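Please look through the sequence and the model below before reading on. The paragraphs that follow begin with one residue and its ring partners, and then widen to the rest of the fold.

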Amino acid sequence: MGFWSIALLAGGLVLLAAGGLALAVWLLRRRSDRRIASYQNKLMARQIDEVQNLYLTMRGWRHDYHNHLQTLKARLEMGQVGEARAYLDSLEEDLDGIRALAETGNVSLDAILNAKLSIVLKRGIDLDFKAQVPPNLAVSDIDLCVILGNLIDNAVESCEKVAGEGRFLRLYIGVFKQQLYLSVTNATNETVRKIDAAYVSAKRGNHGHGLKRIDRVVEKYAGYVNRQNEPGVFATEILLPL
């Protein structure tokens, strides 16, 4: 076999190997995309259920409002002051579970936050939040739901791994330098030296899928995401165009 024949054969083998490698990378990426899409579909379905359940509960409470008033009036007319007070206490407890926590000025954001933050409180996590945004945002409702849903779900997951007291979640949403600014800080028992693409890829389970999905949505809007980890604290900051 001549020199040029050997060279052509070697070149062909190199091209074949490169093509096979590219195909393998494409297949792995496609498989990863399918797993992330499947997880996100489940997440979106769960979040929609949470919002719908909250809405139905509030709607049912409003429907029963007249009946509650009639019951209270009847007890007071019969002099049953103690029973009326107990009835009011029961209603107050019931209402606390469905109270509107967020009133940002944006209907979609309020729906997401009220559903998610109610879960945070039910898990016994110390919550501190402030949110105020313009009525209309450049980010779609679906993408906003993906970002906030994953941020809060991951924060709750981290908090639940912290033993004893000290579980907290701090949330801030507002406008910073004419951009939508989101900040979530939560308790954690994990400490990593460097947070980068390798860290995101190394996470396993829903947490890892959530981090990747957040990054993709932020990239879609040419935004900015920053993660910081200090002992006992994990923080995420996101900037998106208005």
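In this predicted model, Tyr 181 has a relative accessible area of 16% and is therefore buried, the cut-off for that class being under 20%. Its ring takes part in two pairings that can be described in turn. Tyr 172 and Tyr 181 form an aromatic pair with 5.9 Å from centre to centre and 55° between the planes, an arrangement that counts as tilted. The rings of Phe 176 and Tyr 181 likewise have their centres 5.9 Å apart and their planes at 55°, so this pair is tilted as well. A search of the whole structure finds 2 aromatic pairs, and ring pairs link Tyr 172, Phe 176 and Tyr 181 into a cluster. The partners of Tyr 181 fall into the intermediate class of exposure: Tyr 172 is partly exposed because its relative accessibility is 34%, and Phe 176, with a relative accessible area of 43%, is partly exposed too.

The wider setting of this cluster is a protein with 6 helices and 5 strands, which, read along the sequence, follow the pattern α-α-α-β-α-β-β-α-α-β-β. Of the 242 residues in the protein, 36% are buried. Among contacts with a separation of 6 or more, 69% join residues that lie 24 or more positions apart. The protein exposes about 15000 Å², and carbon and sulfur atoms supply 56% of that area.

Which residues touch the most other members of the largest nonpolar core? In this core of 38 residues, they are Leu 113, Ile 173, Leu 180 and Leu 240. At least two residues of the core come from each of helix 3 (107–122), strand 1 (126–131), helix 4 (141–160), strand 2 (168–176), strand 3 (179–187), helix 6 (205–220) and strand 5 (233–241). Helix 4 gives the most, contributing 10 residues. The surroundings of Leu 180 can be listed in detail: once neighbours within four places in sequence are set aside, Leu 180 is in contact with Val 133, Leu 137, Val 139, Leu 144, Ile 173, Gly 174, Ile 238, Leu 239, Leu 240 and Leu 242. Ile 173 and Leu 240 thus appear in that list and also among the residues named above for touching the most other core members.

Helix 4 is mostly covered, since 16 of its 20 residues are buried. Its length can be checked against expectation: at 1.5 Å a residue the 20 residues should span 28 Å, and the end C-alpha atoms are 28 Å apart, so the two values agree. Helix 3 can be examined in the same manner, for its 16 residues reach 23 Å from the first C-alpha to the last, close to the 22 Å expected at 1.5 Å a residue. The buried residues in helix 3 are Leu 109, Asp 110, Ile 112, Leu 113, Asn 114, Ala 115, Lys 116, Leu 117, Ser 118 and Val 120. At the N-terminal end of helix 3, Asn 106 acts as a cap, with a side-chain oxygen 2.9 Å from the backbone nitrogen of Leu 109, while just after the helix Gly 124 takes a positive phi of about 75°.

Most residues other than glycine have a negative phi, and two residues of the model can be read against that background. Gln 178, in the loop between strand 2 and strand 3, has a positive phi near 60°, and its relative accessible area of 69% places it in the exposed class. Ala 222 lies in the loop between helix 6 and strand 4; its phi is also positive, at about 55°, and with a relative accessible area of 71% Ala 222 is exposed.

A last stop is Asn 229, which is found in strand 4 (residues 224–230). Is Asn 229 buried or exposed? Its relative accessibility is 12%, so Asn 229 counts as buried. The side chain of this residue has polar contacts with backbone oxygens: a polar atom of the Asn 229 side chain lies 3.2 Å from the backbone oxygen of Glu 190, and the side chain also reaches the backbone oxygen of Val 233 at 2.9 Å.

Terms used:
Residues numbered from 1 in each chain as written. Predicted model: local features only at pLDDT ≥ 70, side-chain atom pairs only at ≥ 80, totals over all residues. Heavy atoms only, no water. Core = buried A, V, L, I, M, F, W, Y, C linked by side-chain atoms within 4.5 Å. Buried < 20%, exposed > 50% of the residue type's maximum accessible area, 1.4 Å probe, protein only. Helix = DSSP H or I, 4+ residues; strand = E, 2+ residues; numbered from the N terminus. Contact = heavy atoms within 4.5 Å. Polar contact = N/O pair within 3.5 Å; in protein donor to acceptor, adjacent residues only side chain to side chain. Phe/Tyr/Trp six-rings, centres within 6.5 Å; stacked < 30°, edge-to-face > 60°. Expected span 1.5 Å × (residues − 1). Areas by Shrake-Rupley, 256 points an atom, 1.4 Å probe, with all protein chains shown as cover.
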